[in-house]
Amino acid sequence: MSYITNRKRAEGLGSAKAGTQHFWHQRVTAIALLFLVPMFIFPFAYNLGDGYDAVRAAYAHPINAIVAIAFLATAWLHFFQGIQVVIEDYVHGRMELVLIIAMRLLAALFALVGVFAILKIALGA
Amino acid sequence: MADVNRGDRPLSPHLQIYKWPLNMAMSILHRITGAGLGVTGVLVTWWFLALATSPEYFETANAVMTSWFGDLALFLSLIAIWFHYVNGIRHLVWDTGSSFGKKRVRQSGIIGLISAAILVVITIVVA
């Protein structure tokens, strides 16, 4: 017979850590992308195939630059949020941890590269 | 009691047995397109890096993006992103607790597929 209380027995064992935070943040980036995808994709598709000078000039324009930065940063974050859920569903054990960390680092790296590239173009450096 | 016959029992029917309802296919497609768009993201980010670096580097990246391989990859990505976009809207609606009925789910699925196709055509026409 144990004198430990029910609460003490359950404490620290359940989920209830970050709760619904991940789910919630993924919805927020999804809603942002609802606007950003069309705002990014049409100018991008329009400019793709043009020469260096024309494309450079297009993305030096503040509106195109701001949209592209917002899109790339949000899309990479949303990608990480989504791929984390997929990994959690199909991969278990140590590999799960390795893949999630690798994906987080890769998504952060690509977001950084994209944002830096467009800033450089827009600020004319 | 523990089952002594473990491992030798008939399995319950699994994925390959069922006739796939539309929504089941769209659900897995949502994940496949989402993961696949990560590859598109790498291509597009690399293209912007090249654009920021030099005309010569841009020439290389742009040649890849406008080659037959690039055209195919971007065409598939275009289908993927609009499908994921439209299906994502369905998910956001479901998140509010609405439109879960069997008929409504099928209906929104068909409307979603048609809308995604229209968006693909519009993007190609505008570009």
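Is Arg56(A) buried, exposed or partly exposed? With 17 C-beta neighbours inside 10 Å, Arg56(A) counts as partly exposed, because a residue needs 20 or more to be buried and 12 or fewer to be exposed. Keep in mind that what you're looking at is a predicted model. Chains A and B touch each other here, with 27 residues of chain A in contact with 24 residues of chain B. Let's go through it topic by topic.

**Arg56(A) and its surroundings**

- You'll find Arg56(A) in helix H3 of chain A.
- Leaving out residues up to four places away in sequence, Arg56(A) touches Ile121(A) in its own chain and Leu51(B) in the other.
- Pick out Met39(A) as well: 17 residues separate it from Arg56(A) in sequence, and the two C-alpha atoms are 18 Å apart in space.

**Where the two chains meet**

- On the chain A side of the contact, H2, H3, H4 and H5 each supply at least two residues.
- Sorted by class, that side of chain A has 21 nonpolar residues, plus three polar and three charged ones.

**The largest nonpolar core**

- The largest nonpolar core has 42 residues, and the ones with the most contacts inside it are Ala68(A), Trp76(A), Leu51(B) and Trp82(B).
- Chain A gives two or more residues to this core from each of H2 (21–47), H3 (52–60), H4 (62–90) and H5 (94–122).
- Chain B does so from H1 (22–53), H2 (55–65), H3 (68–95) and H4 (102–126).
- The largest share, ten residues, comes from H4(A).
- Zoom in on Trp82(B): setting aside neighbours within four places in sequence, it is in contact with Ala116(B), Leu119(B) and Val120(B).

**The overall layout of chain B**

- Chain B has four helices and zero strands, so reading from the N terminus its elements go α-α-α-α.
- How does its spread compare with a compact globule? The radius of gyration of chain B is 21 Å, well over the 14 Å that the globule rule gives for 127 residues, so chain B is more spread out than a compact globule.
- Along its principal axes, the C-alpha trace of chain B spans about 70 × 40 × 25 Å.
- Of the 127 residues in chain B, 24% count as buried.
- Take the contacts in chain B between residues at least 6 apart in sequence: 67% of them join residues at least 24 apart.

**Helix H4 of chain B**

- What span should the 25 residues of H4(B) have? At 1.5 Å a residue they should span 36 Å, and the end C-alpha atoms are 36 Å apart, which agrees.
- Ser108(B), Gly112(B), Ala116(B) and Leu119(B) are buried in this helix.
- H3 of chain B is included in what covers the buried residues of H4(B).

**His84(B) and Ser99(B)**

- A UniProt annotation from an unreviewed entry, "binding site", covers His84(B).
- His84(B) sits in helix H3 of chain B.
- His84(B) is buried, with 25 other C-beta atoms within 10 Å.
- Not counting neighbours within four places in sequence, His84(B) is in contact with His30(B), Thr33(B), Gly34(B) and Leu37(B).
- Ser99(B) lies in the loop between H3 and H4 of chain B.
- The phi angle of Ser99(B) is near 65°, which is a positive value in a residue other than glycine.
- Ser99(B) is partly exposed, with 13 other C-beta atoms within 10 Å.

**The annotated transmembrane regions**

- In chain A, UniProt (unreviewed entry) lists residues 28–46, 58–77 and 97–123 under "transmembrane region".
- Residues 28–46 of chain A are 100% helix and 0% strand, with end C-alpha atoms 28 Å apart.
- Residues 58–77 of chain A come out at 95% helix and 0% strand, and here the end C-alpha atoms are 25 Å apart.
- In chain B, the UniProt label "transmembrane region" (unreviewed entry) goes to residues 28–48, 68–87 and 108–126.
- Residues 28–48 of chain B are 100% helix and 0% strand, with 30 Å between the end C-alpha atoms.
- Residues 108–126 of chain B are also 100% helix and 0% strand, and their end C-alpha atoms lie 26 Å apart.

Note on methods:
Residues numbered from 1 in each chain as written. Chains lettered and ligands numbered in written order. Predicted model: local features only at pLDDT ≥ 70, side-chain atom pairs only at ≥ 80, totals over all residues. UniProt positions renumbered as here; feature names shortened; annotations may be inferred. Core = buried A, V, L, I, M, F, W, Y, C linked by C-beta atoms within 7 Å. Contact = placed C-beta atoms within 7 Å. Nonpolar A, V, L, I, M, F, W, Y, C, P; charged D, E, K, R; others polar. Rg over C-alpha atoms; globule rule 2.2 N^0.38 Å. Expected span 1.5 Å × (residues − 1).
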